[in-house]
Amino acid sequence: MPKLDLVGVSKQYRDVIALDNVSLHIDNKEYVCIIGPSGCGKSTLIKCIAGIIQPDRGQILIDDQPVNAVPIEDRKIGYVFQDIALFPHMTVRDNLAYGLAVRGTGSNQIAGVTNEMLDLINMRERSKSFPIELSGGAQQKVAVARAIATGSYLFLLDEPLGALDALVRAELRYELKRLASDLGLTVIHVTHDQEEALSIADRVVVMKRGRIVEIGKPADIYFSPKSLFAENFVGETNLLEGEVIETKGTSCVVEIAGCRVRVLDRGKEEGERVVLSVRPEFIPLARSSGSGSNGWRGRVKQVTFLGSITRYRVEIKEGLELVAHVPAVSEEEFHVGEDVDVLLDEERHTLLFDLPAEGLENEIALE
Amino acid sequence: MPTISFVNVSKRFGKVLALDRISFEAEDGEYLCVLGPTGSGKTTLLRLIAGLLRPDEGTIYFGNRPVNNVDAQNRNAVYVPQQYALFPHLTVLQNVAFGPLARDNPENVALEMASRTLEMVRLSWRAEAYPSELSGGMQQRVALARGLASNAGLLLLDEPLGALDARLRLDLRHKLRELVKQSGFTAIHVTHDRDEAMSVADRIMVLRGGRILDCGTPRRIYTRPTGIFVANLVGGANFLEGIVETTTEKASAVRVSGGIMIRTRSELLTVNEPVIIAVRKERVRISNSELQLDNVLNGEVREVRFLGSSREYRVRLSNGDVVSSRQFLEGAESTFRVGERVSVGFDQVDITVFSYPPQGLRKELEIV
């Protein structure tokens with residue numbers, strides 16, 4: 001069944017390197033999400049796999065068979081992209097049957113498969129509707145089912161939810177995942193939405209400037225990425241430049257903004273310039289508790305109620321602010337102008353990265 | 001900018017009633033977010049304020065002055081459409097300076113204003129580029145900068161962050177509010193993204209099918225929404241169908257499917273009334289030991305959804321209903337596993353009771 005390998009795939013457009021020696025193995029029945037900022041090469045990658053673009057170098061193998069020379073229609077790949085491309089003059093049922101009909105499938109078999117597809121997406125009662133009568137979400141479900149109906153087991157989804165309302169997207173992604181697991185599909189899903197990727201992928205691939213910078217399980221990518229870029233890209237975080245003052249045992253002391261904080265040692269040397277990363281949800285705030293606590297003293301600059309969490313901007317030094325997210329269930333509230341302790345967990349939830357040679361801003365740039 | 005008021009404004013396109021007797025006010029300096037699904041009338045509303053459309057019925061006022069018949073260029077408003085239209089033959093800086101120049105500012109002043117605004121949207125480094133050389137997201141920010149630099153007092157933003165990658169959108173939405181507030185503009189910002197609306201707005205107005213369902217501060221709309229659709233649109237919630245079993249001055253009991261009783265506040269209910277119980281996902285506690293809460297239900301974890309900063313546990317109760325619990329502050333390992341028996345619970349104060357919608361729950365929640 002379909003597993004996929006990319007070996008040293010490169011693609012260049014005039015002076016832009018879209019893909020730079022990309023290698024990737026995807027297992028049979030694996031659901032892989034590819035994320036990265038615009039222009040990182042994720043769409044080029046998926047188009048190379050589909051056969052829409054020919055790579056300049058490197059090999060693409062499906063089940064160990066090189067497919068570089070195989071035309072699109074013979075790759076047996078299902079392809080769904082952002083712009084919903086249903087035939088407007090055909091009913092849902094006819095849209096689903098189309099792919100089979102052009103392959104000369106018998107009419108009995110077509111009826112069977114389309115019924116199966118209608119059940120799969122829970123749309124039996126909409127079989128006679130025309131696309132325009134359906135919501136965007138429902139249309140995209142039909143597009144996915146149409147691709148499945150052709151019998152492919154390898155699927156490329158290029159921003160399949162990109163054209164939909166936020167709330168519809170957030171539900172439909174779980175349906176996509178469910179379909180894929182139930183049917184045992186191998187899926188490569190490109191998205192710009194890191195939450196979408198984290199929530200449904202077996203593995204997440206993070207790309208930047210034509211290269212893969214990180215591959216891993218969602219929780220590993222979120223909690224312990226190897227690269228500063230991925231750390232910042234997959235979720236909001238606070239990045240603070242500092243210097244390692246002392247290492248002792250499992251923790252080390254880092255000086256940031258004129259204040260020494262203790263964090264979990266990540267194998268750094270004394271005197272090393274580092275970037276400390278701590279996500280907003282792991283910065284508890286406390287009414288000033290006096291000396292001895294691990295963190296900074298700061299002043300609340302802004303409070304934004306976001307529903308399940310409240311977002312605080314806290315200034316810890318002139319021009320240096322941190323963002324802290326306090327869960328609403330904690331029932332704790334702080335006010336603008338209030339002095340607070342901004343606390344760090346000495347044992348967990350902080351990461352240390354080497355200060356990038358070309359500067360922090362350049363390293364995490366999204367464009 | 002004077003207060004903007006709509007009084008019973010309707011707009012039709014052929015047979016479609018895009019806006020149906022809309023009335024609201026946006027005050028000077030206010031950041032009003034219009035939140036609603038595709039086709040709810042959001043863009044129509046914005047185009048009416050801009051003067052690009054005329055109402056079929058009702059009156060739009062700027063202060064005390066009716067503006068139904070005032071041309072777009074005399075409204076002191078800048079409309080930044082979803083499909084930004086930059087001048088292709090002008091550089092980014094020249095595009096942004098266009099507004100100030102058109103308002104007869106001397107060239108050096110206009111360019112100064114333009115470069116300051118470009119800095120705000122973090123595009124100074126692309127000032128000399130032409131639009132075609134920029135990504136979609138950058139072009140959208142240039143359009144935004146052009147709107148800000150025009151100094152028009154009223155900024156009408158149609159999905160201003162819509163073309164951007166999710167991560168960039170996260171960074172920019174807080175920035176956007178700051179920019180608008182610093183400039184003292186009134187802003188009306190249309191979006192279908194609830195997190196964006198919650199982050200930027202002084203008040204959120206929820207539109208559906210051309211009507212206003214709710215209008216209030218993010219906190220009020222989130223904690224005390226006027227209806228089920230609004231509750232769902234502004235944040236994830238559990239909805240359970242039930243029938244009021246008993247009700248006293250202090251508390252009521254609602255029977256949900258499978259005979260499970262849920263204790264709620266009194267809420268002026270009537271015995272035998274069909275109702276919907278709503279509980280926000282983050283208000284649902286989850287545990288594999290005893291929970292001391294007003295309502296504790298037993299079930300089995302069916303699915304764990306990892307969302308980065310939080311996890312959502314979907315728990316199937318004995319009656320087949322699924323209740324979601326959203327947990328923050330967990331680490332890389334999930335606390336509960338699929339198949340595990342757990343208790344979920346919530347207090348009376350965490351519950352909102354709504355009357356049963358005439359068309360049923362599913363229909364009421366339908367987004368588009």
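Good morning. I begin in chain A, where the buried residues of helix α2 are covered by elements that include α3 and α4 of the same chain. Please keep in mind throughout that this is a predicted model.

Helix α2 of chain A runs over residues 92-102, and its buried residues are A:Val92, A:Arg93, A:Asn95, A:Leu96, A:Ala97 and A:Leu100. After this helix comes A:Gly104, which has a positive phi, near 75°.

Let me turn to the two covering helices themselves. Two packed helices are described by the angle between their axes and the distance between the axes. In chain A, helix α3 covers residues 107-120 and helix α4 covers residues 136-149; they pack at an angle of about 140°, and their axes are 10 Å apart. An oblique arrangement of α3(A) and α4(A) follows from that angle. The crossing in which α3(A) passes α4(A) is right-handed.

Which residues make the contact between these helices? From α3(A) they are A:Val113, A:Thr114, A:Met117 and A:Leu120, and from α4(A) they are A:Ala145, A:Ile148 and A:Ala149. Sorted by class, this contact of α3(A) with α4(A) contains 6 nonpolar residues and 1 polar residue, with no charged residues.

I now move to chain B, starting with its overall description. Its secondary structure amounts to 9 helices and 20 strands. The C-alpha trace of chain B spans about 75 × 50 × 35 Å along its principal axes. Chain B has 368 residues, of which 45% are buried. Among the contacts in chain B with a separation of 6 or more, 63% are between residues 24 or more positions apart.

Within chain B there is an open sheet of 6 strands with mixed pairing, and the strand order is β6-β7-β8-β3-β9-β10. At its edges lie β6 (77-80) and β10 (211-216) of chain B, each of which pairs on one side only. On average, and ignoring direction, neighbouring strands of this sheet are turned by 15° against each other.

One pairing inside this sheet deserves a closer look. Strand β3 of chain B, residues 31-35, runs parallel to strand β9 of chain B, residues 203-208, and 4 bridges join them. As one example, B:Leu35 has B:Val206 of β9(B) as its bridge partner.

I should also like to show a single residue, B:Leu17, which lies in strand β2 of chain B, residues 16-26. Is B:Leu17 buried or partly exposed? It has 16 C-beta neighbours inside 10 Å and therefore counts as partly exposed. Leaving aside residues up to four places away in sequence, B:Leu17 touches B:Ser10, B:Arg12 and B:Gly210. As for B:Arg280, 263 residues apart from B:Leu17 along the chain, the C-alpha atoms of the two are separated by 33 Å.

Finally, I come to the interface between the chains. How many residues of chain B are in contact with chain A? There are 38 from chain B, and they meet 40 residues of chain A. On the side of chain B that touches chain A, the elements giving two or more residues are the helices α4 (136-149), α5 (166-183), α6 (194-200), α7 (218-223) and α8 (228-234), together with the strands β16 (295-306) and β18 (322-328). By class, the residues on this side of chain B comprise 17 nonpolar, 10 polar and 11 charged.

Thank you for your attention.

Notes
Residues are numbered from 1 along each chain as its sequence is written. Chains are lettered from A and ligands numbered from 1 in the order in which they are written. This is a predicted model: local features need pLDDT of at least 70, side-chain atom pairs count only at pLDDT 80 or more; totals for chains, interfaces and linings use all residues. Axes are lines fitted to C-alpha atoms, for helices over the stretch in contact, and angles run from 0 to 180 degrees between N-to-C directions. Helices (H or I, at least four residues) and strands (E, at least two) are DSSP runs, numbered from the N terminus. Angles under 35 degrees count as roughly parallel, over 145 as roughly antiparallel, 65 to 115 as roughly perpendicular and the rest as oblique. A crossing is left-handed if the near helix is turned anticlockwise from the far one by less than a right angle, and right-handed if clockwise. Two residues are in contact if their C-beta atoms, placed from the backbone, lie within 7 Å. Ala, Val, Leu, Ile, Met, Phe, Trp, Tyr, Cys and Pro count as nonpolar, Asp, Glu, Lys and Arg as charged, and the others, Gly among them, as polar. A residue is buried if 20 or more other C-beta atoms lie within 10 Å of its own, exposed if 12 or fewer, and partly exposed in between; C-beta atoms are placed from the backbone. Two strands pair if DSSP finds at least two bridges between them.
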